[in-house]
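Me: I would like to work through this protein step by step, with a reason given for each answer. Please start as soon as the structure is in view.

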Amino acid sequence: MSILEQMKTIKVGFDLIAGEPARAASSMDEVERAVAGFKRHPLFAEAPELVNRFSDSIARLRETRDPDRPAAIRNVLLAFEDLCLRAIHSDVQYLQGIGPTRAGQFRKKQIHDMSDLVMTPPREYQDRRTLEAPTIDHIGQVITVYGRILKRSAVHARFRRGPARLEMAVECRTTDDSLQDRLPGVPDSTAAGPVLTVVFFGQSYLEKIFRDGDRVFLSGKLEQFRGRLQMANPDFEIEREGEEECAPGTPEEKVPSTGIVPVYSLTEGLGQRSYRRLIHRAVNKFADIFPDSLPPAVRIARSFRPVSEAIRELHFPRTFESAEDAKRRMRFEELFLYQVVVLMNRAELKKMRKNRTYADGDHKERLMTSFGSTFTNAQERSWSEIRRDLDRPEVMNRLLFGDVGSGKTLVAELACLHVISAGYQAAVLAPTEVLAEQHYATFTRDLLPLGVHVGELKGSMSPAQKRDVKRGLKSGDLSVIIGTHALIQQDVAFHNPALFVIDEQHRFGVLQRSALYEKALHPDVLIMSATPIPRTLQMTFFGDLDISQLDERPPNAPPPPVTKLFSDDPESRAKVKRMILDVLAEKLQVFIIYPIIEESEALDLKAATVQKERIEKVFSRHRVGLLHGRMGTEEKETVIRAFRDGAVDILVSTTVIEVGIDVPGANLIVIENCERFGLSQLHQLRGRVGRHGRQGMCAAICSLKANEETLERLRIFESTQDGTHLAEEDLKLRGGGELFGTRQWGLPDFRFADVFRDTELLIQARAAAGEVLAADPALDEPQHHALRMELQRLYESRRTLAKVS
């Protein structure tokens, strides 16, 4: 019996012991015999302490008498659980059939160990429960057929150059000798069915892959071409005579080719059939020893199946419903684990003490006097919340968000003044030099009259300038420092730092923010963002942050930009051109935004680089600049600075201008192919204009190919100025992928869950996490052992960064 079979047997025995402690003695004999084999097995060669702990716990159990036996049994179960964890996290190359070379192919898919392998879900499933011969009734449908290749040939284009195509004639069948006993209810028959023409355009090399006589599964859309049934570029799988279904001597690993069959995302060197065979082997060997990270009470309350059953149904489901149930269970588990971490981080932050107080000074009152008449209720509310946090002994970890023009900077200035009034320093971290310059100009204008010395540190400064700023920062002569990534360099030291303000924090990596955080002892942190966040995500994803929202515009702020939706036709384009000319005639500036940088045959979209040349011809009397993400940092900064300073009249750009660029003269933004953007992204883009005294304009041009659902979404954008409402509409209509990238906001790499699509499940997971932590804050109870170990594996290295993430 293999070591994994022994472990499965032990697990079954332990399940009995847990329910019937009286049977422990007879089961222990078999367990102790297995332990001797564990000590010699390569799987545990580097972790002998786990085997020794398991062995010792068994010995102690034999010597223990009531009433201490339940505790001793728990210790045995926990020690065995750790052995199981060691096994499922063993390197993927040790699975029979993989080895070092193929392991490298799996690593490209971020599959490193056995757990990664079985917890990576199929891309989709093919329904092979009933394999019907294709008929004209199936035309236009995606179907799966089974057949035998009669002949194949590479066909070259006759009148034009281009890649050859492969054509095959496939005799379709509903059953075959190799399929008997696999299709329930199908009679023993090998009668030939219709002949299907299969074409692979531009893939003539497949002629070497297929052979005449091969049996194949084909999945694709059925078409009719010149009176023949045809399938173009289908997914395929070859079931060849003589090909081993599994390793010799292991008939139990026969991989199903019918029923509901998983289809996986592949990488070079891995075929679908080989991948499925390896998954089948891994599931058979490891699924039964997977510790369940979901506590029993949580799992049972929500009617989720045990993890071993969920793994089997995920890869080789009996029905589509059982596959969906398994995926739902896995989605919940990922969200639950993440919410446990979020709530534990929040609890830890609440325990941290900053051991300092901020004495009141008159700086704040003087600033509020100069701005008092323009303070909104939202600013007053947010400032009160921030001040309350600053005056508490616990560290502040607060998110301040609001639309462009809602007054975030003024609130941040008040927070800085509250800190420096007591003799401490504040730092403002901005993602770009242009944004840092904007903040420096604003802070200097507002705070210098109050006697506050403000400094600026950025990469483009000369060494001498940097030395002067660093000297003033270290001595305490500078009370407020505005900077870019240059602030987080090792040679930057503060005199007495207390508050860090991080603008558009998603633009900084967690490690970058951590480097800034380490320059102070338990600093207060204020994060600012203009990205609209749906209310449900405020409660869940940002659960370790307190949130203040600015949902009003200051009385002296210009009204939001007027938005007009145009179709991509000559009449509408003439109107947009007239708008541009009118704005330029007033010596104002224009953004023109494109969804892609360069033209693509695959995408029918306008591209920034190509359109820039056309715009230069149309507006030949005006200066046109180009900005996109492939440009270097210095080149981008130069273009943005030129536009801001008025040296460029029209800036042709991609969405790199979405956040942070403040151009006083920009009053019109034209967004091409606006259907390609999410509502929140469109809202961010139009926030770039009309920022200084006059109302801006936004012209959104939509493709004529846009469907009614897309047009409905764009009409909402045209008529709505509330960013949070738009984010929620985006969530309902498109899912959350358009709101902000998961990597931007530091979300873990979920395999199953999508925090935007699975909002309701996320709320349930948060409630369950709260219940578990309320009963067992440190997760010390035995039923939470697997949960605690999985959290350590997934998040321990990240939890040290929780203060800034």
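Me: How many of the residues of helix α21 are buried?
Reply: In this predicted model, helix α21 spans residues 679–686 and is mostly covered. A residue counts as buried when its relative accessible area is under 20%. The residues of α21 that meet this cut-off include Leu679, Gln681, His683 and Arg686. The number of buried residues in α21 is 8 of 8.

Me: What share of the residues in the whole protein is buried?
Reply: The protein has 25 helices and 21 strands, and its accessible surface comes to about 36300 Å², with 49% of that belonging to carbon and sulfur atoms. Counted over the 805 residues in the protein, the buried share is 53%.

Me: Which helix gives the most residues to the largest nonpolar core?
Reply: In soluble globular proteins, nonpolar side chains tend to be buried together. The largest nonpolar core here has 59 residues, and Met7, Phe38, Phe54, Leu83, Leu117 and Ile311 touch the most other members. The helix that gives the most to this core, with 10 residues, covers residues 69–88 and is α4.

Me: Which residues does Ile311 touch, leaving aside those up to four places away in sequence?
Reply: Ile311 is one of the residues that touch the most other members of the largest nonpolar core. A contact requires heavy atoms within 4.5 Å. With residues up to four places away in sequence left out, the residues that Ile311 touches are Val118, Met119, Val283, Ala287, Phe290 and Met330.

Note on methods. Residues numbered from 1 in each chain as written. Predicted model: local features only at pLDDT ≥ 70, side-chain atom pairs only at ≥ 80, totals over all residues. Heavy atoms only, no water. Helix = DSSP H or I, 4+ residues; strand = E, 2+ residues; numbered from the N terminus. Buried < 20%, exposed > 50% of the residue type's maximum accessible area, 1.4 Å probe, protein only. Areas by Shrake-Rupley, 256 points an atom, 1.4 Å probe, with all protein chains shown as cover. Core = buried A, V, L, I, M, F, W, Y, C linked by side-chain atoms within 4.5 Å.
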